[in-house]
Amino acid sequence: MTQLIVALDKDSLEEALPLVDAAGDSVEWYKIGSQLFCKEGPAAVKALKERGKKVFLDLKFHDIPNTVANAVANGVAMGADMINVHACGGEEMMTRAVEAGIKNAPAGTKPLVIAVTVLTSMNEAALQQVLNHDNCTPAQHVTHLAKLAKKSGMNGVVCSAHEIDVIHENCGDDFILVVPGIRPAGAAVGDQKRVMTPREAAAKGADFIVVGRPVLQAENPAEAAKAIQSELTK
Ligand code: C5P
């Protein structure tokens, strides 16, 4: 079943926790990204763990293998249930990240170490600008990076819902797919370019969907999260 991860893209715990408390048991997973982490640091992870929540620490590490391995070690030791690195950091970097995740996980836990492929805010033109050639679509580049992530022992990748089928074909159905760029019908797209609705992403086989602004900017964020959750379980 597809699980909802609510992205706590807020400036402080004071702003973030009311939503967590109001959503109660209806949301199990929350994502702490660089915005909240740069303000609150490990206290953000602690506050969610104290509430019995699962934490996706979305800091998208991309550095030399040694630095990334040590960062992942500290992240999982802090209690992150999911943590990520950029696939374009390469095979050695990802392998070292996975090893560090296994070695430093608190007893009885198995944190997921996930690779970011191509950001969902990038369309074909933006990707080609970065790659400096014009014969690669986002789906092709995502597939290439997903295969490298799988070879490196990663548990799965972050990708857009548009790439779910091709990744399943190339990496198998047990490779975990974490899908941002989710927009309930009628919601503002913002800077995201490769988007899909929660129900469509679930039907395609996303393991997790990540939703930020459609929940955070709703009049009643906890109700918006619950509505998405019930859409996933229908
Ligand atoms: O507000 P929105 O629903 O677009 O938020 C999506 C969240 O997922 C953001 O926190 C963003 O950093 C994250 N994300 C993403 N694309 C990726 C990886 C993470 O949008 N490839």
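Me: A salt bridge here is a side-chain nitrogen of Lys or Arg lying within 4 Å of a carboxyl oxygen of Asp or Glu. With that in mind for this predicted model, what makes Asp 58 and Lys 31 a salt bridge?

Reply: The closest N and O atoms of Asp 58 and Lys 31 are 2.6 Å apart, and the rule asks for a separation within 4 Å, so the pair satisfies the definition. By this rule the count comes to 11 salt bridges.

Me: Why can the pair between Asp 58 and Lys 31 be said to tie together separate parts of the chain?

Reply: Asp 58 belongs to strand S3 (residues 54–61) and Lys 31 to strand S2 (residues 29–33), so the contact joins parts that are 27 residues apart in sequence. Lys 31 and Asp 58 are also linked with Lys 60 in a network of salt bridges.

Me: How do you know whether Asp 58 and Lys 31 are buried or exposed?

Reply: Buried means under 20% relative accessible area. Asp 58 has a relative accessibility of 7% and therefore counts as buried, and Lys 31, with a relative accessible area of 7%, is buried by that cut-off.

Me: What makes Glu 163 and Arg 194 a salt bridge, and where in the chain do the two residues lie?

Reply: Their side chains meet at 2.8 Å, N to O, and because the limit is 4 Å the pair qualifies. Glu 163 sits in the loop between strand S6 (156–158) and helix H8 (164–171), while Arg 194 sits in the loop between strand S7 (176–179) and helix H9 (198–204), 31 residues apart. Both Glu 163 and Arg 194 are buried.

Me: Why are Asp 165 and Lys 204 called neither buried nor exposed?

Reply: Partly exposed covers the range between under 20% and over 50%. Asp 165 at 38% and Lys 204 at 31% fall in that range, so each counts as partly exposed. These two residues form a salt bridge whose closest N and O atoms are 2.8 Å apart; the pair links helix H8, which holds Asp 165, to helix H9, which holds Lys 204, 39 residues apart.

Me: How do you know that strand S1 and strand S8 pair?

Reply: Pairing requires at least two bridges between two strands, and 4 bridges join strand S1 (residues 3–7) to strand S8 (residues 208–211), so the condition is met. The two strands run parallel, and Leu 4 stands opposite Ile 209 in S8. Helix H11 (residues 221–233) packs on the sheet, touching S1 and S8, with its direction at about 160° to that of S1.

Me: In what order do the strands close into a barrel?

Reply: The 8 strands close in the order S1-S2-S3-S4-S5-S6-S7-S8, with parallel pairing, and the twist averages 25° from one strand to the next.

Methods
Residues numbered from 1 in each chain as written. Predicted model: local features only at pLDDT ≥ 70, side-chain atom pairs only at ≥ 80, totals over all residues. Heavy atoms only, no water. Buried < 20%, exposed > 50% of the residue type's maximum accessible area, 1.4 Å probe, protein only. Axes fitted to C-alpha atoms, helices over the stretch in contact; angles between N-to-C directions. Contact = heavy atoms within 4.5 Å.
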